[in-house]
Amino acid sequence: TSSYSLKKLPSREKFTNLLDATLTYPSHCCAFKNLPTKEQNFSFSIFKNFSKQCESTARRPNNETLYSAIFAESELSGWDYDYGFCLPKTLQCAPEPDAFNPCEDIMGYDFLRVLIWLINILAITGNVTVLFVLLTSRYKLTVPRFLMCNLSFADFCMGLYLLLIASVDAQTKGQYYNHAIDWQTGSGCSTAGFFTVFASELSVYTLTVITLERWHTITYAIQPDQKLRLKHAIPVMLGGWLFSTLIAMLPLVGVSSYMKVSICLPMDVETTLSQVYILTILILNVMAFIIICACYIKIYFAVQNPELMATNKDTKIAKKMAVLIFTDFTCMAPISFFAISAAFKVPLITVTNSKV
């Protein structure tokens, strides 16, 4: 215990006779879970035969008969009988892993290990392709194209997070307990956590701006001077980048923490400040969705109104954006719901389930 520099244990096969372990890190107890132990060595050779008789005689009516079956009456006088001798030895280990860090690999499930590679490859290649097409196109960089570039970059960052998690999971498969401390307290987990929070918030922010831009364009279709220009969109998105960076930086300076779980999400809600941080993010995300819903309801009625004369092109873009945004928020809705309950310290699902 208190051996903080002992982050990696020797091979667990070396601890063949270990019965009681008090360690520094809870993850190390995972090494001894279901660890088979060898039969104990005994000082007296006479006890060797005794262990062979245990199974066949253990059901006898009393322990005196059990011992008498092996030893003569004269040999038993003066002996203290160990009645627990035949009981199986179970290894006791402390401190035990908690709900935030169960004894499992980073991914927890084998099917997630396959899916995370598929998703991160699609996220990285797909969004790089979108960025390449939009930025190298011969067409002028319009406001919708500019906003799509920001959204693609945010989703690209999410792909990097998944790639980092998948790579570490592949390297530590079956032995995560020996890498948990270095990973969760090191720069790798902090980097992964920064990527996922930055990507999530920039994505939500950009989706909201895209919706507001579509609503504004369709509502003021007959007033070209009211149209949103690139010179307006750039400072708006700059504000989104600064906001997302700030939100992602806070766990690195002690407001919540990326170290709490193996997937490096800010799940630490021990302090009031950490709870406020998590709830603020979730409430902002919910508010963003409400704004988006309200805007698309207005867009729908605007398109039905012949007086506004929304162009066919603007309407098509709005429909495409609607599909993109609502599928995105459909994925985020359960995350927000379960995260809010966990922030109030009433978790409805385990960390293992949350990885799904």
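Me: What makes the contact between Glu270 and Lys260 a salt bridge in this predicted model?

Reply: The closest N and O atoms of Glu270 and Lys260 are 3.7 Å apart. A salt bridge requires a side-chain nitrogen of Lys or Arg within 4 Å of a carboxyl oxygen of Asp or Glu, so the pair of Glu270 and Lys260 qualifies. Both residues lie in the loop between H8 and H9, so the salt bridge ties together parts that are 10 residues apart in sequence.

Me: Why is Lys260 called partly exposed?

Reply: Lys260 has a relative accessible area of 21%. Buried means under 20% and exposed means over 50%, with partly exposed in between; Lys260 is therefore partly exposed.

Me: How many salt bridges does the structure hold, and which residues are joined into one network by shared partners?

Reply: The structure holds seven salt bridges. Asp105, Asp110, Arg113 and Asp169 are joined into one network through salt bridges that share partners.

Me: What makes the contacts of Arg113 with Asp105 and with Asp169 salt bridges?

Reply: The N to O distance is 3.2 Å for Arg113 and Asp105, and the closest N and O atoms of Asp169 and Arg113 are 2.7 Å apart. The cut-off is 4 Å, and both pairs therefore count as salt bridges. The pair of Asp169 in helix H5 and Arg113 in helix H4 links distant parts of the chain, 56 residues apart.

Me: How do you know whether Arg113 and Asp105 are buried or exposed?

Reply: The relative accessible area is 13% for Arg113 and 17% for Asp105. Buried means under 20%, so Arg113 is buried and Asp105 is buried. Asp169 is buried as well.

Me: What makes the peptide bond between Ala94 and Pro95 noteworthy?

Reply: Ala94 and Pro95 are joined by a cis peptide bond, with omega at about -5°. Most peptide bonds are trans. Pro95 itself lies in the loop between strand S2 (92-94) and helix H4 (110-136).

Me: Why is Cys264 singled out for its phi, and is Cys264 buried or exposed?

Reply: Cys264 is not a glycine, yet its phi is positive, about 60°. Most residues other than glycine have a negative phi. Cys264 is located in the loop between H8 and helix H9 (272-304). At 0% relative accessibility, set against the limit of under 20%, Cys264 counts as buried.

Me: Where is Ser2 found, and what is noted about its phi?

Reply: Ser2 is in the segment before strand S1 (20-22). Its phi is near 60°, a positive value in a residue other than glycine.

Me: What makes Lys140, Lys227, Arg229 and Lys231 a patch of positive charge?

Reply: These four residues gather on the surface. Lys and Arg count as positive, and like charges are joined within 9 Å when the residues have over 30% relative accessible area and no salt bridge. Lys227 has 42% relative accessibility, so Lys227 is over the 30% limit and counts as partly exposed. Lys227 lies in the loop between helix H7 (187-219) and helix H8 (230-249).

Me: Which residues make the nonpolar surface patch, and how do you know that Phe111 is accessible enough to take part in a patch?

Reply: The patch, of about 580 Å², is made by Phe111, Leu115, Leu118, Ile119, Leu122 and Val356. Phe111, which is in helix H4, has 44% relative accessibility and counts as partly exposed. Patch residues need over 30%, so Phe111 meets this condition.

Me: Which residues have the most contacts inside the largest nonpolar core, and which element gives the largest share?

Reply: This core has 44 residues, and those with the most contacts inside it are Leu147, Ile210, Tyr277, Tyr296, Met321, Ile325 and Phe329. Two or more residues come from each of H4, helix H5 (143-172), H7, H8, H9 and helix H10 (312-343). H9 gives the largest share, 10 residues.

Me: Why is Cys293 called partly exposed?

Reply: Cys293, in helix H9, has a relative accessible area of 23%. Partly exposed lies between the limits of 20% and 50%, so the term applies to Cys293. The C-alpha atoms of Cys293 and Ile325 are separated by 9.8 Å, with their positions 32 residues apart along the chain.

Note on methods
Residues are numbered from 1 along each chain as its sequence is written. This is a predicted model: local features need pLDDT of at least 70, side-chain atom pairs count only at pLDDT 80 or more; totals for chains, interfaces and linings use all residues. Side-chain values use heavy atoms; hydrogens and water are left out. Patches are made of residues with over 30% relative accessible area and no salt bridge: like charges are joined within 9 Å, nonpolar side chains (Val, Leu, Ile, Met, Phe, Trp, Tyr) within 5 Å. Accessible areas come from the Shrake-Rupley method with a 1.4 Å probe; for residues, only the protein chains shown count as cover. The place of a charge is taken as NZ of Lys, CZ of Arg, CG of Asp or CD of Glu. Helices (H or I, at least four residues) and strands (E, at least two) are DSSP runs, numbered from the N terminus. Buried means under 20% relative accessible area, exposed over 50%, partly exposed in between (1.4 Å probe, protein chains only). A nonpolar core is a set of buried Ala, Val, Leu, Ile, Met, Phe, Trp, Tyr and Cys residues joined through side-chain atoms within 4.5 Å.
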